[in-house]
Amino acid sequence: MIQDQHHTHGGAPVIRQVALPRRPAVAVSTLSFGAAQAGNLYSARSEEDIAAAIGAAWDAGMRYFDTAPHYGLGLSERRLGAALRPRPRDEYVVSTKVGRLLTPSPHTAHLRDAEGFDVPADLRRVWDFSRDGVRRSLEESLARTGLDRIDIVYLHDPDDHAEQAITEAIPALIELREQKVIGAIGAGMNQSRMLTRFVEQTDIDVVMCAGRFTLLEQGALTDLLPAARRHEVAVVIAGVYNSGLLARERPPTNASYNYQPAPAELLDRATRIARICEDHGTTLPAAALAYAGSHPAVVSTTIGLGSARQVHETVQRASAAIPAALWPALYEAGLISWLPLTPPPTGPLT
C-alpha cells in the first residue's frame, strides 16, 4: 500500500511514504535516516552538524528515522529526539531498538567507548531480551528522546539470544503493540537466516536487514525476502554499501566490508561491478542504492547520515536514473543473482 505523498528532486519522485502491509497506520519513507552517526560512530560530530543533517533529511522528504541505545550509548537517541520534537509528531516515524540496556559504569568513565563510538565509556551495554528488559529499554528510550511514543521497536542483534528473544522479548513487544504503546514490532540484524525464522514463527510486522541484500551480495533472496513476501512482513534494508565497499565510484584498496578490511575477492567483485556501472553511464553508489530498494518486499532503505552534505549526496544518488540495461549486464556477468525487472521468487524455501 503506497500512500500518495511524495517528494521530488529535479522534478522526479524520489521519496515516497509506504505503509507497512500488516500495520497500515505506520508509514515509512522509502529513503530513511540512519542515526548511528548521530551517536558519533567512528568519529565525533557536533550537535550543529547532526541537527543540520536531520533538517536536510526532513526537507528532502525523509520521514522515517532509525536509532538505538547502542548508538553512542544513548547519544543518538538524545540528539534525534531533540531535532524531531519541534516537528509535527504525526508526520514522522521513529524506530529504536531493545536488547541492550545501558547501565552506569563509573570505573570506565575516563575511557572512550570500545564499540566504535567516540563517546565517554561512562555507561556499559548489558544484553537483556527479557520481558522486563524490553519494557525498561523502551521506557529509557522514551526518556532519552523526549518523544511521546516510539513507532517501531526492533530487537537489536539477538543473534546469540534467539530463544529468549522468541519466548520473552517478542511476546513483550506484542503486548506493547496491543496496548498501542508502539505501532509495529520487528527485529534488526546483520544476517538473514534468523530474521527469516522470526518472520516464519512470530507475529512481527517488519525486519531490518543490514548488508545481506545489496548489489554486492544477495543472500537474503534465498530465505528472508521470499518469506517476508509470503507473510506480508515489511523489509527495511540497511548497510546498502556493505559498510563502505560500495560507497564510492571505485572501491579504494583500503575499503571496509562488514566493518573489517575488505577481502581481496570482494574488492575485485565490487570493482567489476563499478566498471559495468561506468560503462552504462551511472555510478556504483547510485546503482547500489537503487538495487537495495528494488525488491517488492522492501519498503525502505536506511542510510547512515551525519551531515547535510551526506544527505544531499544521498538524495542525488536516489534521484539518478539507472539504465535498465545495467541489471541484465550485471546478471550476465554473474555479479547479481536477481534482476529487478523480473518477478522475485515467492515459493516455498528449499
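Let's start in the middle of the chain: strand β10 (residues 182-189), helix α5 (residues 193-201) and strand β11 (residues 206-210) together form a right-handed β-α-β unit. Keep in mind as you look around that this is a predicted model.

How many bridges join β10 to β11? There are 4, and the two strands run parallel. To find one of the pairings on screen, pick Met189, whose bridge partner in β11 is Cys209.

Now step back along the chain to what comes before β10. Strand β9 (residues 150-156) pairs with β10 too, in the parallel sense, over 6 bridges. A handy landmark here is His156, which sits opposite Gly188 in β10. The connection goes by way of helix α4 (residues 162-178), and β9, α4 and β10 make up a right-handed β-α-β unit. So β10 has β9 as a parallel partner and β11 as another. Is β10 itself buried or exposed? Of its 8 residues, 7 are buried, so the strand is largely enclosed by the rest of the structure.

Next, head towards the N-terminal part of the chain and look at strand β4 (residues 31-34). Its side chains split between two directions: Leu31 and Phe33 point one way, while Ser32 and Gly34 point the other. Whichever way they point, all of these residues are buried.

β4 has parallel partners as well. One of them is strand β15 (residues 298-304), paired with β4 over 4 bridges; within β15, Thr301 is the bridge partner of Leu31. Another is strand β5 (residues 64-66), joined to β4 by 2 bridges and running parallel to it. Here Gly34 stands opposite Asp66 in β5. To get from β4 to β5, the chain passes through helix α1 (residues 47-60), and this β-α-β crossover is right-handed.

Helix α1 is worth a pause, since it brings in another helix. Its axis and that of α9 (residues 308-319) come within 7 Å and cross at roughly 25°. An angle under 35 degrees counts as roughly parallel, so that is how α1 lies relative to α9. Which residues of the two helices meet? From α1 come Ala52, Ala53, Ala56, Ala57 and Ala60, and from α9 come Ala308, Val311, His312 and Val315. Sorted by character, the residues of this contact comprise 8 nonpolar, 1 polar and no charged.

Conventions:
Residues are numbered from 1 along each chain as its sequence is written. This is a predicted model: local features need pLDDT of at least 70, side-chain atom pairs count only at pLDDT 80 or more; totals for chains, interfaces and linings use all residues. Side-chain values use heavy atoms; hydrogens and water are left out. Buried means under 20% relative accessible area, exposed over 50%, partly exposed in between (1.4 Å probe, protein chains only). Two strands pair if DSSP finds at least two bridges between them. A crossover is right-handed if, with the strands pointing away from the viewer, the path from the first strand over the helix to the second runs clockwise. Axes are lines fitted to C-alpha atoms, for helices over the stretch in contact, and angles run from 0 to 180 degrees between N-to-C directions. Angles under 35 degrees count as roughly parallel, over 145 as roughly antiparallel, 65 to 115 as roughly perpendicular and the rest as oblique. Contact means heavy atoms within 4.5 Å. Ala, Val, Leu, Ile, Met, Phe, Trp, Tyr, Cys and Pro count as nonpolar, Asp, Glu, Lys and Arg as charged, and the others, Gly among them, as polar.
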